[in-house]
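Let us read the pockets of a model together. Keep the sequence and the coordinates open.

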Amino acid sequence: AMAAEKFRNSGVGVVLSVTPCWCYGFETIDMDGEMPKAIWGFNGTERPGAVYLASALASHTQKGLPTFGIYGRDVQEVTDMEIPEDVQEKLLRFARAGIAVATMKGKSYLSIGSVSMGIAGSIPNPDFFQEYLGMRNEYVDASEIERRVQLGIYDHEEFARAMAWTEKYCKSNEGTDFNPEHLVYSREEKDARWEYVVKMTLIFRDMMIGNPKLAEMGFKEESMGHNAIAAGFQGQRQWTDYKPDGDFS
């Protein structure tokens, strides 16, 4: 109980138990059903790591707690402090997967806009996000982008830096415009579109994770964001017939 409380207070998201011997498996296992967990039973001489691993895994299974079992292929000397290569690979696989789960847990997927042109891939399945990824879905109408652009709800200093970067690395590499002459934008129109897509990029980021600068500007609600780790901009046709698309962002 003390360890579980310490883990919660310290923001621990993954648990790896390592033991070379018997240590009262059922009494010491982690009971948090939402915490990714693994057990490495040390395969060493005079060390019953395999016995503990089998017992602890059985305890987890009986309690309905998914747990990854890790056991080395070769027996190690009890004094050997090295981690075998096969165990290293298993540990890293678990750590990568566990950190991914812990990172997504409690975060949001933000949908900006809605489904357009009958593209089913733009339909986020909230049940999948909630039940499989431990995430929630949040939604913002695309008109919020235009509102923030028109009212200047973005970090203007950051916009100046972003535009300088865009001028250097993007606008200078525009390439040839192969559109028919009557569809080619003027230089002024292209410059305005570059500024707009940079503002869109900043606004997308602000809507996802928030921006304390907006609170300083008097926009406290907008500064909070949506705690999103991922987002999608469904802006086909109805948006792009009127404004730049979201490809740059």
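The turns below take pockets, their linings and one annotated range.

Q: What kind of model is this, and how are residues numbered?
A: This is a predicted model, where local features need pLDDT of at least 70, side-chain atom pairs count only at pLDDT 80 or more, and totals for chains, interfaces and linings use all residues. Residues are numbered from 1 along each chain as its sequence is written, and side-chain values use heavy atoms, without hydrogens and water.

Q: What volume does the largest pocket have?
A: Rolling a probe the size of a water molecule over the atoms shows where empty space is left. A pocket is an open set of points on a 1 Å grid over the protein atoms alone, where a 1.4 Å probe fits, with protein on both sides within 12 Å along at least five of seven lines. Its volume is the space filled by probe spheres set on the points, which are joined across faces, edges and corners. Here the largest pocket has about 480 Å³.

Q: Which residues line the largest pocket?
A: Lining residues have an atom within 4 Å of a point. There are 16, with Tyr-185, Lys-190, Arg-193, Trp-194 and Val-197 nearest the centre of the largest pocket.

Q: Where does the lining of the second largest pocket come from?
A: Domain bounds come from an automatic or database domain assignment. Domain 1 (1–104) and domain 2 (108–233) each give at least three residues to this lining. The second largest pocket has a volume of about 410 Å³. Its lining has 14 residues, and Gly-33, Glu-34, Met-35, Pro-36 and Val-101 lie nearest its centre.
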